[in-house]
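Me: I would like to learn how to read a structure like this one. Could you walk me through it step by step?

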Amino acid sequence: MFLFDVEENELVNFVLKSKSKKSQDCNGIDMAIVKDVILSISKPLTYLCNLSFKSGTFPNSMKIAKVIPLYKSGDKHQFTNYTPVALLSQFSKIFEKLFDNRLEKCIDKHSLLTNSQYGFRKTRSTSLAITEAMEEISNAMDNKKYAIGLFIDLKKAFDTINHRILVDKLERYGIRGVALEWVKNYLSNRKQFVNMGNTTSDCLNITCGVPQGSVLGPKLFILYINDMSKVSLVLKLVLFADDTNIFCSDEHIDTLLDKVTAEMHQLKVWFDCNKLSLNLSKTKYMIFSNRKKITKQTLIIDQEIIEKVDEFKFLGVLIDNKLNWKSHIKYVQTKISKSVAVLNKVKYVLDYKSLRMLYCALVLPHLSYCLEIWGNNYTSTIKPLIILQKRAIRIVHWVGY
């Protein structure tokens, strides 16, 4: 049993360390207000948390989500052009975080999660996920093998989680008793309503999926898909939450494609059994090789031809079939050029501190993201980035250039 009692200091420290959010939750409360009054309400709130954990129940009043559609682009009359953002109770997030801390300790103690999963895990970043994938591909290319990367797209993975299957998996992982009852109660009888302008819809029940915007939802999701890596002993999986990427290598291209096709059939069965849908039209594959010419090949999954690409954005980094990183460096160069233009326009109205803040927000993230992977390149290749970097620094420091 991992639901040990919540100490008052633990609850207070969590609330005070949490980021203050100006946006209001479904009840019109933001975390800044909770932080202001936490010392006054910590004792009764601690009692309620312990009562919730001991009884295996989650308050029904905290199961209501307020969904606000945010317009993306295109025709405003098409609902598919809106992104739904769910707002949950701030107190709900406190309960969830305390439960999540206990669940995390249980997961770490018993090593429940596969090493293939990098999403929503401490000390595991996108750069580590990309490094593992690139090492797999580089080793194959060094041994004069063909390597294939299959980048799978799932249809609304978080929203289609089957609650019964999730509970069964948690029980197999050893999460039983009152802790499992708490999760069951947390998932059941959830409701949501849509608010747009001055119009509010009726509350409707949510029958599947993990709660959007919740603290606990991501952890439940990665536990749900955790056994995916056991389906195939041939394929190398690199998972980052619902971002599923598969790699495999072989000396012969025909053998490689046959192998991947057979293994993907097994994975397709797993997806179907777990009520997850593959979006094959958005799924891509890439063949990595040092050879100049590769005969035209076709990869078919579930009677649908998968599109072959020569470059793909993998966890925010553009990779190509030669692993020379020229595409990504060109992409970063374009982004930084636009940012430097912004710095140049506002340098006459902002002081040094403000310019430096803009530099750290607009330029530095593009230069530093996964730099350890693509930065070790030829000087001639990265020279345009060095020039842009120097120009940005000169603008910030008001040095002539």
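Me: How many salt bridges are counted between domain 2 and domain 3?

Reply: Happy to help! Keep in mind that this is a predicted model. In general, side chains of opposite charge can pair when their charged atoms come close. Between domain 2 and domain 3 the count is 0 salt bridges.

Me: Where do domain 2 and domain 3 lie along the chain?

Reply: The domain assignment gives domain 2 as 126-156 + 226-320 and domain 3 as 326-397. Their centres, taken over C-alpha atoms, are 33 Å apart. In the contact, domain 2 takes part with 12 residues and domain 3 with 8 residues.

Me: What area is buried between domain 2 and domain 3?

Reply: About 820 Å² is buried there, and carbon and sulfur atoms give 59% of that area. On the domain 2 side, Ser127, Val317 and Leu318 supply 47% of the area buried against domain 3, more than any other three residues.

Me: How many salt bridges does the structure hold?

Reply: The structure holds 14 salt bridges. One pair to look at is lysine 219 with aspartate 100, whose closest N and O atoms are 3.0 Å apart. This pair links distant parts of the chain: lysine 219 sits in helix α7 and aspartate 100 in helix α3, 119 residues apart.

Me: How do the axes of helix α10 and helix α13 cross?

Reply: Two packed helices are described by the angle between their axes and the distance between the axes. Here the axes of α10 (residues 352-362) and α13 (residues 379-396) come within 9 Å and cross at roughly 155°. α10 is therefore roughly antiparallel to α13. Residues making this contact include Tyr352 and Leu355 of α10, and Ala392 and Ile393 of α13. By class, the contact has 7 nonpolar, 1 polar and 1 charged residues.

Conventions:
Residues are numbered from 1 along each chain as its sequence is written. This is a predicted model: local features need pLDDT of at least 70, side-chain atom pairs count only at pLDDT 80 or more; totals for chains, interfaces and linings use all residues. Side-chain values use heavy atoms; hydrogens and water are left out. Axes are lines fitted to C-alpha atoms, for helices over the stretch in contact, and angles run from 0 to 180 degrees between N-to-C directions. Helices (H or I, at least four residues) and strands (E, at least two) are DSSP runs, numbered from the N terminus. Angles under 35 degrees count as roughly parallel, over 145 as roughly antiparallel, 65 to 115 as roughly perpendicular and the rest as oblique. Contact means heavy atoms within 4.5 Å. Ala, Val, Leu, Ile, Met, Phe, Trp, Tyr, Cys and Pro count as nonpolar, Asp, Glu, Lys and Arg as charged, and the others, Gly among them, as polar. Domain bounds come from an automatic or database domain assignment. Buried area is the accessible area (1.4 Å probe) that two parts lose on being put together, summed over both. A salt bridge is a side-chain nitrogen of Lys or Arg within 4 Å of a carboxyl oxygen of Asp or Glu.
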